[in-house]
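Work through the exercises below with the sequence and the 3D view open. Try each task before reading its solution.

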Amino acid sequence: MRERYINPHTDFGFKRLFGSEFNKELLISFLNAMFHGEQNVRDITYLNSEQLGERNDARRAIFDVYCENDKGEKFIVEMQNVYQEFFKDRTIYYSTFPIREQAQRGGDWDFQLSPVYTIGLLNFNFAEGLQSARRWHHEVKLMEVDTHEVFYDKLTYIYVEIPKFDKKETELVTMYDKWMYVLKNLSALMQRPSALQERVFTRLFEQAEISKFNPQELKSYEDSLNAYRDIVNAIKTAEKKKYAEGEADGMAKGLAKGLAKGRINGLTEVAKNMLAKGMSTDVIAEMTGLSEEEIDALNTENASDTQA
């Protein structure tokens, strides 16, 4: 492999850096940087990332990283590589699990909740409601419309548009700047930048160096990287095709619909390839954003094609 360091946008890369007890100081540093020290997270406990509904037939949620800090505040952290039409809905839905699990049995509970933070690290520009926003960090809370004052400060959604971060190494000032630079550029680096001299980055670059992986880790990373590349290439190919069709039509509205359809078609092709390789429905759903029902339908379609 030509890269020296892992790609943090891959499932393996992201969870290696931020989703393991062994490297939890990396996640602690990132969270404190994101909140500009307001959280002062001293320790975290990783929680079960697979959340089940109250009924057997209820939809599940599988988080990339789910943890709580030393004050009992909950954090969901997701790396999202592909735009989905209802991504905002998905983040709202995800936040209901750590809210609901705080319910206490018995009659003494007064409904007091610990804060919940849902963080989406987006490897695309988030169009819904943020088309004209130049900043790459967006913090959303429940607000009273007339006064613009925060109505409820225990439920926070943070969306980070990684492509919009354009600072060069010489422009990095805050720890948040430095973490964003790592998230965007890590796999393209051949050495540790001189601007990243903090101890936590020593740890990060040690854990990110591909040459130090054992054979099993290397295979897992290569599989994850191939899946990531399949998704990116399929989406780009589908979007180019639909863009050409939309351009020929000369209608902006038709073009927008074409681009959305292109993304869906690209994800569908990726999911079919993953099914053919024997990957599980859970993994495919997590990496593509397609629902398990959509993947089951594709599996049935593949089986029918094989029989024919």
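The exercises start with the whole chain and end inside a cavity. The model is a predicted one.

**Exercise 1. Describe the chain as a whole.**

Solution.
- Step 1: Take the secondary structure. The chain has nine helices and eight strands.
- Step 2: Turn to burial. With buried meaning under 20% relative accessible area, 45% of the 308 residues qualify.
- Step 3: Look at the surface. About 17,100 Å² is exposed, and carbon and sulfur atoms supply 49% of that area.
- Step 4: Check the contacts. Take those between residues at least 6 apart in sequence; 61% of them join residues at least 24 apart.

**Exercise 2. Count the cavities and size the second largest.**

Solution.
- Step 1: Set the cut-off at 30 Å³ or more; two cavities pass.
- Step 2: Read off the volume. The second largest cavity comes to about 40 Å³.

**Exercise 3. Which residues line the second largest cavity, and which element gives the most?**

Solution.
- Step 1: List the lining. Glu 78, Phe 87, Arg 90, Thr 91, Tyr 94, Thr 118 and Ile 119 form it.
- Step 2: Map the lining onto elements. Helix H3 (87-100) and strand E6 (116-122) each supply at least two residues.
- Step 3: Rank the contributors. H3 gives the most, with four residues.

**Exercise 4. Sort the lining of the second largest cavity by residue class.**

Solution.
- Step 1: Fix the classes. Tyr counts as nonpolar, along with Phe and Ile. Glu and Arg count as charged.
- Step 2: Tally the lining. Three residues are nonpolar, two are polar and two are charged.

Notes: Residues are numbered from 1 along each chain as its sequence is written. This is a predicted model: local features need pLDDT of at least 70, side-chain atom pairs count only at pLDDT 80 or more; totals for chains, interfaces and linings use all residues. Side-chain values use heavy atoms; hydrogens and water are left out. On a 1 Å grid over the protein atoms alone, a cavity is a set of points where a 1.4 Å probe fits but cannot get out, and a pocket is an open set with protein on both sides within 12 Å along at least five of seven lines; lining residues have an atom within 4 Å of a point. Grid points are joined across faces, edges and corners, and a volume is the space filled by probe spheres set on the points. Buried means under 20% relative accessible area, exposed over 50%, partly exposed in between (1.4 Å probe, protein chains only). Contact means heavy atoms within 4.5 Å. Accessible areas come from the Shrake-Rupley method with a 1.4 Å probe; for residues, only the protein chains shown count as cover.
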